[in-house]
Amino acid sequence: MTPTSAHSPPPAVRKHALDAGIQLRLVQGSGPAGRILHEDLDAYLQQGTAKASTAANPYAERNNEEQIPVIGMRRKIAQRMQDATRRAAHFSYVEEIDVTALDELRVHLNEKHGATRGKLTLLPFIVRAMVVALRDFPQINARYDDEAQVITRLGAVHVGVATQSDVGLMVPVVRHAEARSLWGNAEEIARLATAARNGKASRDELSGSTITLTSLGALGGIVSTPVLNLPEVAIVGVNRIVERPMVIKGQIVVRKMMNLSSSFDHRVVDGMDAAQFIQAIRGLLEQPASLFFGVRHVSDVEYHAADYRRRPWRLCGGDSSRPTGHPDHPGGRPGAGRHLPEHRLHPVQGLDPCGRTVPANHPPQPRLPTGH
């Protein structure tokens, strides 16, 4: 007869389990060194009876309670969320964006390069739009030390990407997003998300962000009010994409629409600056080719939401209405005749939408009105 080991249940307990039809490997022991006792078998049987009763009668009363200690990562998350809502003067700004053209570009790039360079989601495009827009809104790419009363504006754009893991919400950081290509940001986002979900993200990878991007993907809802990741002063939230009928030039067309729900610290960021920052992101995403031009959306170009969609299109490369001497005039360099939106015809940094130099006699576009 084999003697009982220090960790195995005694013979009486094994017989009890055999008679009750219980597999000991499924029972959590409460005795010394995790040894299974008779009380553990009784508790296991009661638990099974309760589950069977609930399954047999879905309307049966349930009076069980479970107390879960808030410890470890969960406690840290709770403390940071509570601290952020107490200290920062949160305000949220929501804007809808037509991402039809953006999604078409994403699908096209994936079909052409996905097999060799990896599949693109919308997140790297949004990161790119944030990087470009922040050039003209440095007060948003900042950290606020409210104890020292010092605002630090940063040139580097370190984008925190909120990621759900088994232990709770984590925010790994894409460092120097401004210096990465579209696929570079996509690859880094995927790598960091995997590391965070597997619990392998390092301390350095989970700290040092200057602005945060949060998205629930298809579960993103219509509107959200994200909580700031202090000491940052802005967080951009991505809601889900839905197809909706929209009126464009008097015609009802189906477009892919997505909301950006963003929060800001009103102690540092004024409402007008926040609105213009999100409108700049909107302009970049609705005309995705502008994400890759050297053209900056400067702060003196104000985007009026209603007017933005209705702007006419001009022919780039063969429009006889352009001033004589303009590179797109028939007398100048011939072009392919591709259409570009009117709102990209302002001479920023001396370039036209085709990336060519705008001559001095080219009239500037009028300043657009801002609705308040």
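Guide: A charge sits over a ring if NZ of Lys or CZ of Arg is within 6 Å of the ring centre and within 35 degrees of the ring normal. Heads-up: this is a predicted model, where local features need pLDDT of at least 70 and side-chain atom pairs count only at pLDDT 80 or more, while totals for chains, interfaces and linings use all residues. Residues are numbered from 1 along each chain as its sequence is written, and side-chain values use heavy atoms, leaving out hydrogens and water.

Visitor: So how far is Arg117 from the ring centre of Trp183?

Guide: Arg117 lies over the face of Trp183. Its distance from that ring centre is 4.0 Å.

Visitor: How do the rings of Phe264 and Phe277 sit, stacked or edge-to-face?

Guide: There are three aromatic pairs in the structure (Phe, Tyr or six-membered Trp rings with centres within 6.5 Å; planes under 30 degrees apart are stacked, over 60 edge-to-face, the rest tilted). The centres of Phe264 and Phe277 are 6.5 Å apart and their planes meet at 85°, so this pair is edge-to-face.

Visitor: Which helix holds Phe277?

Guide: This pair links distant parts of the chain, with the partners 13 residues apart. Phe264 belongs to strand E10 (residues 251–265), and Phe277 to residues 271–286, helix H7 (helices, H or I of at least four residues, and strands, E of at least two, are DSSP runs numbered from the N terminus).

Visitor: Are Phe264 and Phe277 buried or exposed, and which residues form the aromatic cluster?

Guide: Both Phe264 and Phe277 are buried (under 20% relative accessible area with a 1.4 Å probe, protein chains only; exposed is over 50%, partly exposed in between). They share one aromatic cluster, made up of Phe91, Phe137, Phe264 and Phe277.

Visitor: Which are the edge strands of the open sheet?

Guide: The sheet has six strands with mixed pairing, in the order E1-E10-E9-E8-E4-E7 (strands pair if DSSP finds at least two bridges between them). Two strands pair on one side only: E1 (90–98) and E7 (173–174).

Visitor: What stands opposite Gly160 in E8?

Guide: Strand E4 (residues 159–161) and strand E8 (residues 211–215) run parallel and are joined by three bridges. Opposite Gly160, in E8, is Thr212.

Visitor: What is the relative accessible area of Leu41?

Guide: Leu41 is in helix H2 (residues 38–56). Not counting residues up to four places away in sequence, Leu41 touches Val13, His16, Ala17, Ile22, Leu24, Val27 and Ile36 (heavy atoms within 4.5 Å). Leu41 is buried, and its relative accessible area is 0%.

Visitor: And what separates the C-alpha atoms of Leu41 and Gly29?

Guide: Along the chain, these two are twelve residues apart. In space, the C-alpha separation of Leu41 and Gly29 is 8.7 Å.
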